[in-house]
Amino acid sequence: MSVRELVVLGTASQVPTRHRNHNGYVLLWDGEGLLFDPGEGTQRQMLRAGVAAHDLNRLCVTHFHGDHSLGLAGVIQRINLDQVPHPVTAHYPASGQRFFDRLRYATAYRETVKLSQEPVSGPGGVLAAAPSYTLDARRLSHPVESYGYRLVEPDGRRMLPALLAERGISGPDVGRLQREGVVGGVMLDEVSEVRPGQRFAFVMDTRLCDGVYELAEGCDLLVIESTFLDEDEGLAVEHGHLTAGQAARVAAESGVRHLVLTHFSQRYSDPTVFEQQARAAGFEGELTVARDLMRVPVPKRR
């Protein structure tokens, strides 16, 4: 049975706290694992969360601030130590190539795994097209170059039993119709409807910008930073971040089904306030204020 869920490894911004590790998020998607923004301590958090190096297929870094990337060195070396049997691909801003190189070769180790480097540049675009998803990136607005990531499942079709029965299509003919598009003069479009593919987006350090909305549009699960509370919006703009209310308004305007707020400043000790401000901003869908080591399932298909 395929699993589609987010594993939260850490939720702190800038510095870890007693209760929050640095950033780290793993999206498990039909047997593949995408690790986003591994900050310090990611390798240990993976152990605590039950995520193995073998689970990882892609490493996706939004930008090269330490809380989003210093864990790369340990994760890459662990992938090689465990001799992960499949290739691993790393995506990151091309402008930070020197930082990636330093982290990849921070210390001596034996390379046993093919690690492909596919950096992102310009406005972003499609990075990979796998059978069950397309991965693309959009440029964000932060003091250093930063990109958000979006994973989109191809649209499918949902068969409509009443219309199938009305046109006398049953048994093996249903499968033939799905494969061939027409059976006995009955077209597939006549007895089915489009089933939208699931969408996931990962939006970290950024001010409000077009890229944020492009990534969030129509998402089933949106993981987005809310570093500051609304009363500190001035600080958010100055340092290139979002507030809880801003993140929630993006989600509401973009038709997001499940909103996950994360990347909290250490200045705040009460996480419930983030939820309160998100609700006050008008988001009515499912809402999670992320905690370290929690698992969040991708909502069922529409």
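Which residues do ring pairs link into a cluster? Here are some notes to get you started; keep in mind that this is a predicted model.

1. To take that opening question: the cluster is made of Tyr25, Phe36, Tyr149, Phe200 and Phe202, linked by ring pairs. There are ten aromatic pairs in the structure.

2. A good pair to look at is Phe64 with Tyr92. The two rings sit edge-to-face, with 6.0 Å from centre to centre and 65° between the planes. This pair links distant parts of the chain, 28 residues apart: Phe64 is in the loop between strand 4 (58-60) and helix 2 (66-69), while Tyr92 is in the loop between strand 5 (88-91) and helix 4 (97-104). Both Phe64 and Tyr92 are buried.

3. Phe64 also forms an aromatic pair with Phe99, this one tilted, at 5.9 Å centre to centre and 40° between the planes. Phe99 belongs to helix 4 and Phe64 to the loop between strand 4 and helix 2, so this pair ties together parts that are 35 residues apart in sequence. How exposed are the two partners? Phe64 counts as buried because its relative accessibility is 14%, under the 20% cut-off. Phe99, with 30% relative accessibility, counts as partly exposed.

4. Stay with helix 4 for a moment. Phe100, Leu103 and Arg104 are buried there. Looking down the axis of helix 4, you find its buried residues within an arc of 100°, so they line one face of the helix. That fits a general rule: an α-helix has 3.6 residues a turn, so residues three or four places apart point the same way. As for what covers the buried residues of helix 4, the list includes helix 2, helix 3 (72-81), strand 5 and strand 6 (115-117).

5. Now for the nonpolar cores. The largest one has 30 residues, and Leu222, Ile224, Leu259, Leu261 and Phe274 are those with the most contacts inside it. Several elements supply at least two residues each, among them strand 14 (199-203), helix 7 (210-216), strand 15 (221-225), strand 16 (258-262) and helix 10 (272-280). Helix 9 gives the most to this core, namely five residues. There is also a second, separate core of 28 residues, which includes Ala130, Phe202, Val223 and Met294.

6. What is Leu259 in contact with, leaving aside its neighbours within four places in sequence? Its partners are Leu222, Ile224, Ala248, Ala251, Phe283, Glu286, Leu287 and Thr288. Two of these names, Leu222 and Ile224, were already listed with Leu259 among the residues with the most contacts inside the largest core.

Definitions and conventions:
Residues numbered from 1 in each chain as written. Predicted model: local features only at pLDDT ≥ 70, side-chain atom pairs only at ≥ 80, totals over all residues. Heavy atoms only, no water. Core = buried A, V, L, I, M, F, W, Y, C linked by side-chain atoms within 4.5 Å. Buried < 20%, exposed > 50% of the residue type's maximum accessible area, 1.4 Å probe, protein only. Helix = DSSP H or I, 4+ residues; strand = E, 2+ residues; numbered from the N terminus. Contact = heavy atoms within 4.5 Å. Phe/Tyr/Trp six-rings, centres within 6.5 Å; stacked < 30°, edge-to-face > 60°. Arc of directions from axis to C-beta.
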